[in-house]
Structures are given as C-alpha cells and as structure tokens.
Amino acid sequence: MRATYVLKRLLQIIPTFIAVMVIVFLLVRLLPGDPASAILGDRATPEIIERTKRELGLDRPIPVQFLLFAERLLHGDLGESSSLKVPVLRLVAERLPVTLFLTVYAAVLGVILAVPLAVLAAVRRNTWVDSLIRGIFQVGLSLPVFYVALQFLTLLGAKLAWFPIGGYGEGLGGHLYHLFLPALTLGFNLAAILLRTLRSAILEVLTAEYVEFARSKGLKSAVVMSRHVLRNAMISTVTLLGLNVGALIGGAVITESVFAIPGVGRLMIDAIFGRDYPVIQGLTLVFAVLVSLVFLVTDLVHARLDPRVEHA
Amino acid sequence: MTTTAPTTTGVPRARSRRRVKPTLALGLVLLVPFVLAALAPRLLAPYSPTDFDYSAILQAPSAKHPFGTDNFGRDVLSRVIHGTRVDMQIAVFTTLFPFVFGSLLGALTGFVGRWADAVVGRVADLVVVFPFLVLVIAIVAVLGPGLTNMYIAVSAVGWVAYWRLVRGEVVAHKQTEYAQAARVLGFSPTRVLLRHILPNAITPAIVYLMTDMSLGILLGASLGYLGLGAQPPTPEWGVMVADGKNFMVTAWWISGFPGLALTLAGVTFSLIGDGLADALRPRS
C-alpha cells in the first residue's frame, strides 16, 4: 500500500469532520426557543439563562457562534450534561468502551455465522440447503432487533437462566458472558444483512476462471476454497462490515436499551428523555466521527487486501 | 467512501407477458390481509383497540379473545388489526417523500451534472456518515417524539438512497441512443428527461421502495418501542411490543402477536421487492 494513498485518504476526512460539526451545530438550532434554556432545562431562572447565553456566545452572530463551538470541540470540550452535571467528554470516555466492545463482539459473531453459511449456500446453490439458509436469513432481515432481543432475554435469560439478563459484568470473561445475548442479537441481524451479498460474491468467485484453473491443475478443493474463494470472500466481508457499521451502531442503541447495558446507546436514549441536549449533540458527533473512521479503516484494509483499489 | 449504485443500463425492451414470479405472487397474497386491515379495521376487529376491560385482564388466547388480552384488558387481536393502519401508514409516509424528492433530485442532478451534481453529492456523502438510526433519533429528540416528527426526520435522511440510485441510472441512460435520438429530434431537455429517460431510469428506485417500506416499518416500530415514535395508547406494533415487555414470561401474547405482525409485514414487503427486482430486471 503506497503512503500517498494513505495520506490522500487521511486528508479526505478533514472536510468530512468540518461538515459533521456544522450539522451537529445546526441540529440544536432546530430546537424551538433558544438553546440556552433548552440546555439548562426547565428549572433555570432568567438570570442564569442570560449568563449562559453570554458564556456560550449565544448573543453573538451565528457564524461566530459556530467558530466558538468548533474551537471548544477542538479542545475536546463537548459541553456539560444538563442532567448529570458532568462533562459530556467524560461520559463518553466512560461509556464508549462498552459500546465498542458490544459492536466488535457482535461483528465477530455475525461473521462467524454468516461466512460459513454463505459458503455453504453458494457451494450447494439452488438446493434445499441453499433455500433453507436464505429463507432463515430473509426472515431474519424482517425481525425487529428489539423483538429478537426481548425473545433471547425471555427464553435464554429469564426462563432457562443460561445468561444474565442485563449489565456489563466484570473483567473480560464477565463482559463476554454478560454481553453474549445482546451481541448475538446484533450479530444475527448483521449476518442477515451480510449473507445475501456474501453468497453472490462467493458464487461469482466460484465460477471465475482462475478458480476453474486452480481446480483443473489438480488442487484439492479445500485448498482452492481457502486460498482463492475465502480470500475473496474476506474482501467482500470487510467492505460490507464497513458499509454496515452505521446499522450496527443503530442496532446497539436499541439493544443496549433492551438489555440495560451502560453504553453510549443507552446514554443517548436516556438523554432524549431527560432533554439533555449537550449529551445528544456530543453523542451524535462521536457516532459520526466513529463511522467515518471505520470507513477510513475499511478503505485502507480493502486496499491492503485488494491491490486494485488504490488505482481505482 | 465509495458507494456504487447498481445500474441497469441497456436498451429498454418491450415487456413481454411473462408469468408472475412465485416470490412476487406470495408477497402480493400476503399483502392482502394487511391492506384489508388497514382499510377497514373497524369491520374486522371484534373489540375497540383502546377500551379498558378490567374484568378481562391478561387473559390467554381463547375463542373469545383469539390473541388474548393485555394488562388493561384490551383485546390484542383488535389492537393488532388497528395497528395495521398505523404501521402501513408508517411504511408509506417514511418512504413516499424520500422516494419522490430523492428520485427527482437524482434525475435532475444526473441530467444536468456539473456543480449541482457535485454539491448534492457532497451533501449525500455527509448524510451517510451519520448512522441512520442515530441521526433520525437525534432529529426526533430535538423536534420532540411523535409520528409527524419521525416522518420529518426520516425524510431528511432517507432521500439519499433514491438520489444515488436514480442519478446513476440517469447518467447511464443519458448516453444511450434513444436519449440522443430524442434530443436530435429537437425535444426540450425537460421532455427528454421526464418522458424518455426517467421512465427507464426509475426501475431500481421502485424496487428499492419496497425494501425501504419494510425497513420503514422496522424503523417506525423501533422508535415506537423506544417511546420516540407513535405514542400510547395508539395501537402501533412497536409500542405494543414495548407494552408487553414486562409480561414476556407470564403473558407472551401481548408482545408476541404484534411482533409476529411486524415480522410478517417485513417479509411481505421484501418478497414483493425481490419479486419486482426479478420481474423488472432487463434480460441480457
């Protein structure tokens, strides 16, 4: 991978960040009334509102307000939570690792589910095995995440008591155990998204000339599978994972609410009901930055796996 | 990021009469009860969807209440039937504006190109950096919970997919012989775009519309579940699942049946989408 490609891709992220800041800045300006009273909540007196307006620069013209907002952001200041009275950045630092753990865990489970089944469906294409796998995941696509989460929670958590019904647990083992059901919920959803595209990608490779050639020169089918087919399946998986990271984060917001997991997704929902606009604003920004970083990493990994990308 | 819209370039062909695909047929058959329930819930539902009946609380499914009753004694079957209207409305209203606006904008910028195309392209790139659900939730949070604000939020975000699809098609169709012929004949650019190119370029967007409707129902139900969409006592399926979540072990039917309705509606729309995609795909 050439350094210029990496550099070019890194530079592209700067205008994205600026634009994200503009959108998040404008978001709170959509509020009816003025942001100061919204940020302070219902109990604020007119004097406090006036003071906060001056402190936040809300008495200045909009472009100046934006520059002040951007300056604070660049210093890592995301404002203060109006309900919890702590810096938003600290809340994010505490809770983001939980959500990251959950989404990575879910992605791993999703890939473990989707890749072998997609290979199986492609190899046995147009048989009942293929139909069954595709049928299950077709229904899986239509199952609401919160509904699957509730079913797992009831059956495997409450009735059979195989898994805890919420929380985050202690230590790596505790996290893996406590987050298994939420991660499985999300992973199943992700697998349903991945499966169809992955199956057709593998089918395409299976019928490609170089695979025919590998077979005809007498390579064992297991070798052809691992060296040629799976390598290409991996490229598709990485791309698909990257493209669907937004869906994964959206799913995490819902799953965390159902399973009472102390991550940023649950924080977001709590913030909405607490009308905690600094937290909503900060989290929206963090999520967008996270997604654009994942897009960046996906592109770089993709370029590493598939040398044609750089020249496209 | 780079997202390439699937394009189906090629000469528009005369559509021969072909047998309806089994997926499309199944989807359309499954759609019938949903349409009936949405059009005439009062005729089909045995009870009121919102009236409390404290003499019949948490009753298991029986001949009198086929889907059981909830913790207020409301008939779950009647609520699921009345909920159909709300959720079908969600399916239509979360997709209609994005479809119309996104497709027209895509046709326009794809046809005109130049700076208009570049500007809209940048805006579209930006919207997809935000996780869809997070941006919708954030907008709903600012505007306030409820269905109308949810439609506004989804519309602000959802047009991008249609813009991409139609723009890609129009760019491809612009170069075809029939489009150039229409121009050579002296037709105005507006006419060439609306009468000649758009009818051919809109197909993928129509196919996507069906998939998007099933996503719209899921989104609406998710927001309803979280308390940000339809507000109780509105019989919306997501809201109903949330209502029953504390009774999952003792009275599974309260959230079980609305959940089933949601899944079935999702499957129905995606079957129709898949069937349409098969039926409308140009044969190479």
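The following dialogue discusses the contacts and salt bridges of a predicted model.

Mentor: In this predicted model, local features need pLDDT of at least 70 and side-chain atom pairs count only at pLDDT 80 or more, whereas totals for chains, interfaces and linings use all residues. Residues are numbered from 1 along each chain as its sequence is written, chains are lettered from A and ligands numbered from 1 in the order in which they are written, and side-chain values use heavy atoms, with hydrogens and water left out.

Trainee: What makes residues of chain B count as in contact with chain A?

Mentor: Contact requires heavy atoms within 4.5 Å. By that criterion, 36 residues of chain B are in contact with 45 residues of chain A.

Trainee: How much area do chain B and chain A bury between them?

Mentor: Buried area is the accessible area (1.4 Å probe) that two parts lose on being put together, summed over both. For chain B and chain A the value is about 3,600 Å², with 80% of it on carbon and sulfur atoms.

Trainee: Why is the pair R196(A) and D274(B) called a salt bridge?

Mentor: The term requires a side-chain nitrogen of Lys or Arg within 4 Å of a carboxyl oxygen of Asp or Glu. The N to O distance between R196(A) and D274(B) is 3.4 Å, so the pair qualifies. The rule finds one salt bridge across this interface, and ten over all chains.

Trainee: Which element gives the largest share of the side of chain B that touches chain A?

Mentor: That element is helix 12 of chain B, with ten residues; helices (H or I, at least four residues) are DSSP runs, numbered from the N terminus.

Trainee: How do you know that R74(B) is buried, and what is D243(B)?

Mentor: Buried means under 20% relative accessible area, exposed over 50%, and partly exposed in between (1.4 Å probe, protein chains only). R74(B) has 4% relative accessibility and therefore counts as buried, whereas D243(B), at 26%, is partly exposed.

Trainee: Which partners does R74(B) have in salt bridges?

Mentor: R74(B) meets D70(B) at 2.9 Å, N to O, and D243(B) with the closest N and O atoms 4.0 Å apart. R74(B) lies in the loop between helix 2 (41-44) and helix 3 (76-93) of chain B and D243(B) in helix 11, so the latter pair ties together parts 169 residues apart in sequence. Through shared partners, salt bridges join D70(B), R74(B), R79(B) and D243(B) into one network.

Terms used
Helices (H or I, at least four residues) and strands (E, at least two) are DSSP runs, numbered from the N terminus.
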